[in-house]
Amino acid sequence: MISWFNENGPLLFLALLDGTVTAFVLALIALGLSLVFGVMRIVNIAHGEFFMLGAVFSWFAFDLTNDPLWGFLLALVVAPALVGSIAIFSDRFILRKVKYHPESTIVATIGVLYVIQSVTLMVFGPEARAVEAPLYFRIQFPWFGYSGYKLIVAGMSAFCLLGVWVFMKRSKLGLYMRATQQDFEIAKTYGVPTQKIYASVFALGGGLAALAGVLIVPIRQADHLMGLEPLLLSFIVVIIGGLGSIRGTIVAAFIIGISDGIISVFYEPTLAKMLATLFVAMVLVLKPSGLYGEEVV
Amino acid sequence: MSHKEVKSEEQSELNITRRSVLGAGAVIAGTGIVGSQIIDPLAKTAYAAGSDAPIKIGFQAHRTGIGALYGRWYERTTNAAAKYINSIGGIAGRPIEIITEDDGTDPKRGADVVEKLATQHKVDFVFGTLFSHVVMGSAPRAGELKIPYFVVSEGYHVASGALNRYTFQPCITDVRAQISAVSGWLFNNLGKNVTLIYPDYAFGYNHRDYATAAAEKHGGKIVAKIAIPPTESSFTRYFVKIPKNTDVIYHVMVGPGVLTFVRELGEHFGPNHPQLFGFIDSLEGVNISSPGLDFLDGSYFWEAMPRYADGYDTVGSRFYRNAVGVNNSGASRSDSKDVSAYSHMFGCWETLFAIKEAVEQSGYRSKKDYSTLIETVEGFTGFNEGIAHPQGAKVFSGKTHQCYGQQFVSKVGNGKLNVIHKTSIADGMYEPETDYTKQSL
């Protein structure tokens, strides 16, 4: 046992470290998708594109200010706001038009995905563009080095998750959102402005994805196709965690993030992806509502 | 290149043997002429008083999808070449017309695009495909439609015999030749224990297989082979698999994850890292002085055509660089942040000139002359260095439909790539493994 740790300890440490960073970022991206489904009962296929837009806006902010720190701070404010506005626009002129009908909204958000992706390709171009990290340092462990900024990203993601939690539990708007999620008709009867709540939730979901994009872009550059992978991972997380549950989303993000780290390091990264997909299938068969989801009536 | 690869008597009688290659190299060095049947492609020919319809060339472009960056530069280069060819009298007196269709860097759409170009646009030839999986998906359709298909890819698929008699790659070398050419330098100068890191699909497997073969030949050893799925966006977990006795990390990555790959490699190793040897595919379209790439300082890259003008200053390369609108640092002259795919896009320029030569030598007038045209191309033995072939002279094998050319090794320093070694054409040559001329037309 001890000899195993001597030999594999550093690998396990790396797996846990990398897995934790992945988990926090994943939780932040998936949370928006989960909220949107929970409250609005729609599946937003364009969620990954909101993430991509956050990263792309971050590049523009960096290009504009030509300073990593100021660019980052600017992007942190402007990107979620802009993406939130795009989300409100999509809600008002697309989702509301199809009356939030589940099948129609899937098709409609696929359309939104292509529009956002193509416009980005036209404006931003096809290449991956690097954004300098606001704070960059390398942490040297005895066995290997690791990016200090990645740890900052994990910390900021955790802070944002906490912020959303407090917002949902303590604020009036959060109360309205939870009420709408629990029962749309009754909430409406009690005077909750459900139409505005829908728009706010969609904007919040988009804004969170954009925020994740801003945080992640110094690690992995902005490009117009970067939305696909987080979309798939978010679906995995949200299905496992239970649609609409903040706690479920965070727990599932950690299950996926840490297991991905450990399996990737000790076996194969492809195996990690296969097992995650298998896990999703098992959850769908054994507990379709997910770990913390409400039972589907 | 080793004689072990000669598997049958038939192969040992092939035109391109080591000796003939060395001979060809000597001819290039001595007279600057390869082959006897090559006419001067730049000879000015007058349009036949407007009586001739244009030669239509269908350009299968990666405008969208993962190849979009390359696609944009392929398109610019193609248009620049067409403009120049028209300015010197077109092809056999006929103007050239480029008809572009986007294939989304998708093999299925690629096949559809070939069909659309051939049947709806009624083009004379299809040309310009880059990504190997798209070539693999599209070439069979070109073969079925019996339309000459000139690709500008890099995989070993053409020369391997996997495609068909209608598919040619006359002006860009394949991965096998590139590795054969630079591996001797790599193993002799950087170290013997090499870890390979490559994308987990066909293009990467070419690298894995031929680098392994080259290691055996040069007394090197591949200590680890690390395949990375093409959609991966985080790489730290792969680096723990690099053995401690590694002297050289040989990396070839494509797609948007490349910058992350390099940065995380830097974070993982810090200042005490093995030597790095990469294929420039990893950094096509990427500014070497991008944030986080400082780690590459002092590392080595293969280049097919040096991105920085001072690395290869010939009349032809200067003319070409100017014509495609690229500055001395390899970026667009109108936007210095728009870095080109310089080690690949010359293939589009050169291939259009190869088509020009093929048409003019075969007397091609319309689709009924395809057989003559194909046989003419198969009779080519190479191309001269010059404005038509700015990357350098080529030796062409009619049997494999594939060319061979010189390669460059550059070292990163002062935020740029500096050429430190140039291979001969012979360094990259190998025994042909197929003979397309035996297939029926």
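**Chain contact, a buried strand and a helix pair**

Biologist: How many residues does each chain give to the contact?
Modeller: In this predicted model, chain A contributes 27 residues and chain B contributes 23 residues.

Biologist: Which elements of chain A give two or more residues to that side?
Modeller: They are helix H1 (2–40), strand S1 (138–140), strand S2 (145–147), helix H8 (194–220), helix H10 (246–266) and helix H11 (269–286) of chain A.

Biologist: And how do the residues on that side of chain A divide?
Modeller: There are 13 nonpolar, seven polar and seven charged residues on the side of chain A that touches chain B.

Biologist: Turning to chain B, why is strand S1 largely enclosed?
Modeller: Six of the seven residues of S1(B) (residues 55–61) are buried, so the rest of the structure largely encloses this strand.

Biologist: Which strands pair with S1(B)?
Modeller: S1(B) pairs in the parallel sense with strand S2 (residues 96–102) of chain B over seven bridges, and B:Ile55 stands opposite B:Ile96 there. S1(B) also pairs in the parallel sense with strand S3 (residues 125–127) of chain B over three bridges, where B:Ile57 stands opposite B:Phe125.

Biologist: Which helix joins S1(B) and S2(B) in a β-α-β unit?
Modeller: Helix H3 (residues 68–87) of chain B does, and the unit is right-handed.

Biologist: Back to chain A: at what angle do H5(A) and H8(A) pack?
Modeller: Helix H5 (residues 148–170) of chain A and H8(A) pack at about 170°, with their axes 9 Å apart. H5(A) is therefore roughly antiparallel to H8(A).

Biologist: Which residues make that contact?
Modeller: Among them are A:Tyr149, A:Val153 and A:Met156 of H5(A), and A:Leu208, A:Leu211 and A:Pro218 of H8(A). The residues of this contact divide into eleven nonpolar, one polar and one charged.

Note on methods
Residues are numbered from 1 along each chain as its sequence is written. Chains are lettered from A and ligands numbered from 1 in the order in which they are written. This is a predicted model: local features need pLDDT of at least 70, side-chain atom pairs count only at pLDDT 80 or more; totals for chains, interfaces and linings use all residues. Two residues are in contact if their C-beta atoms, placed from the backbone, lie within 7 Å. Helices (H or I, at least four residues) and strands (E, at least two) are DSSP runs, numbered from the N terminus. Ala, Val, Leu, Ile, Met, Phe, Trp, Tyr, Cys and Pro count as nonpolar, Asp, Glu, Lys and Arg as charged, and the others, Gly among them, as polar. A residue is buried if 20 or more other C-beta atoms lie within 10 Å of its own, exposed if 12 or fewer, and partly exposed in between; C-beta atoms are placed from the backbone. Two strands pair if DSSP finds at least two bridges between them. A crossover is right-handed if, with the strands pointing away from the viewer, the path from the first strand over the helix to the second runs clockwise. Axes are lines fitted to C-alpha atoms, for helices over the stretch in contact, and angles run from 0 to 180 degrees between N-to-C directions. Angles under 35 degrees count as roughly parallel, over 145 as roughly antiparallel, 65 to 115 as roughly perpendicular and the rest as oblique.
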